[in-house]
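Q: Please take a close look at the packing of helices in this model and at the empty spaces enclosed by or open to the protein. I would like the pairs and the spaces described together, with the residues named.

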Amino acid sequence: DNEGYWKRCCLDRWRNCDLSKHDGSWKQFFFEVNLEEHIENFVPNRSDKADFFDVLLLSQPFVRRLDIRQLLPPQPDEPEEGEEEEEAMAERNVNHMNLSVLFTNLPLLRELRVAYGVRHCGMNFEWSHFGMTKPDIGYLARALATNDTLTLLKLHRSMVEDDHVRFLAKHLLQNNTVTHLDLSHNKIGDRGARALAKLVATSTSLKILNISDNHIHSKGGESLGHALARNTSLRKLNLRLNRLEDEGGKALCSGLLNNNTLVHLNVSGNRLREETAAELGLVLQQNRSLLSLDLTCNKFNTSGGQLLREGIEANDRVVEVDVRLADIGQENEFCIAEKLKANQERAAVAR
């Protein structure tokens, strides 16, 4: 546990060392970042598995968080004599490292962030270098079903699609430890949102769900709205940069009328208009759990802003509502800001 020694080891290898992500420990930093680099540079059909497992087992007592920024696909084999290069590429296995080995060999692992893609590919770019395959999601989902240590899973920028999410959500129903699920910047549509809605409706452990920057439309919003009405644990929901429109927005609001746990909601950039603003105004008059709303980059117009303002003025608990670029008019923005300031002062006195 000689921190001075591990500090020297870290500074010799890496220029920027942020201990805040590693519990303030130089030793933990070394083993976590070292293992991340081995995972990120592992080529399934080329790298020495024995060497990798040696590193994995040495890291076992010290690794609690992993942030894997790339997963390399297998290298293509040389075409056999008489075989066309295109034929060889078509038959190529593109599955990545089986991440279930992390769960079976790292008993202290609490947080896993992973992107299925390649960094700095340059002129060697291929679409097959990016995104999960069905075996990839199968390995990960089955491991999560039996894992009892992981609390945070971030699976972003991995071209996750509806079928992937349906399989993942099915197995997460058997998991009682994951409290933070981040599937942002993927390709999840309404079918995937429906699977996540089932997870939200039944899970008693999930507290944070981030599905921003996906392809969720009104039908997916309706499914999530029904789930919110039944949920008793979720505190943060991020739906930024989807395509809910008013039908999906109104469904979410309907669910919020029967929800008393959600604290933070982000629906910015969802093509929401006056009808959703009116429903949000009604929600804010009745709901007493919401403290923060991000409504930026929608088109509520002045009349929708007036209805939203009336709801906020009737609510003494909400302390943050972001309405920038929501087209609600300067007067409504000013009145909302004044009410929020009063609520913030009241909350500060109560603390």
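A: Helices α11 and α12 are roughly parallel to each other, because the axes of α11 (residues 274-286) and α12 (residues 301-313) cross at roughly 10 degrees, and angles under 35 degrees count as roughly parallel, over 145 as roughly antiparallel, 65 to 115 as roughly perpendicular and the rest as oblique. The same two axes come within 7 Å, an axis being a line fitted to C-alpha atoms over the stretch in contact, with angles from 0 to 180 degrees between N-to-C directions. Helices (H or I, at least four residues) and strands (E, at least two) are DSSP runs numbered from the N terminus. The model is predicted, with local features needing pLDDT of at least 70 and side-chain atom pairs pLDDT 80 or more, while totals for chains, interfaces and linings use all residues. Numbering starts from 1 along each chain as its sequence is written, and side-chain values use heavy atoms, without hydrogens and water.

On the α11 side, E274, A277, A278, L280, G281, L284 and Q285 meet N301, S303, G304, L307, L308, E310, G311 and I312 of α12, where contact means heavy atoms within 4.5 Å. Sorted by class, this contact of α11 with α12 holds seven nonpolar, six polar and two charged residues; Ala, Val, Leu, Ile, Met, Phe, Trp, Tyr, Cys and Pro are nonpolar, Asp, Glu, Lys and Arg charged, and the others, Gly among them, polar.

From L280 of α11, which takes part in the contact with α12, the description passes to the second largest cavity, since L280 is also in its lining, along with G249, L252, C253, L256, L265, V267, L272 and T276. A cavity is a set of points on a 1 Å grid over the protein atoms alone where a 1.4 Å probe fits but cannot get out, a pocket is an open set with protein on both sides within 12 Å along at least five of seven lines, and lining residues have an atom within 4 Å of a point. The volume of the second largest cavity is about 50 Å³, a volume being the space filled by probe spheres set on the grid points, which are joined across faces, edges and corners. Both α10 (245-256) and α11 supply at least two residues of this lining, and the largest share, four residues, belongs to α10. Seven nonpolar, two polar and no charged residues make up the lining of the second largest cavity.

In total there are two cavities of 30 Å³ or more. The largest cavity, with about 60 Å³ of space, is lined by L172, N175, V178, L199, S203, S205 and L206, and four of these lining residues are nonpolar, three polar and none charged.

L172 also belongs to a helix pair, for K134, I137, G138, A141, R142, L144 and A145 in α6 meet H164, F167, L168, H171 and L172 in α7. That contact of α6 with α7 divides into seven nonpolar, three polar and two charged residues. The axes of α6 (residues 134-146) and α7 (residues 162-172) come within 8 Å and cross at roughly 15 degrees, which makes α6 roughly parallel to α7.

A further pair is α1 (residues 3-13) and α2, whose axes come within 8 Å and cross at roughly 35 degrees. Here E3, W6, K7, C9, C10, L11 and R13 in α1 meet W26, K27, F29, F30, F31, N34 and E37 in α2, a contact with eight nonpolar, one polar and five charged residues.

Helix α2 (26-40) also contributes to the largest pocket, as do β1 (65-68) and β2 (111-114), each supplying at least two lining residues, and α2 has the largest share, six residues. The volume of the largest pocket is about 510 Å³; of its 18 lining residues, K21, H22, V33, E36 and D67 are the closest to its centre. By class, the lining of the largest pocket has four nonpolar, two polar and twelve charged residues.
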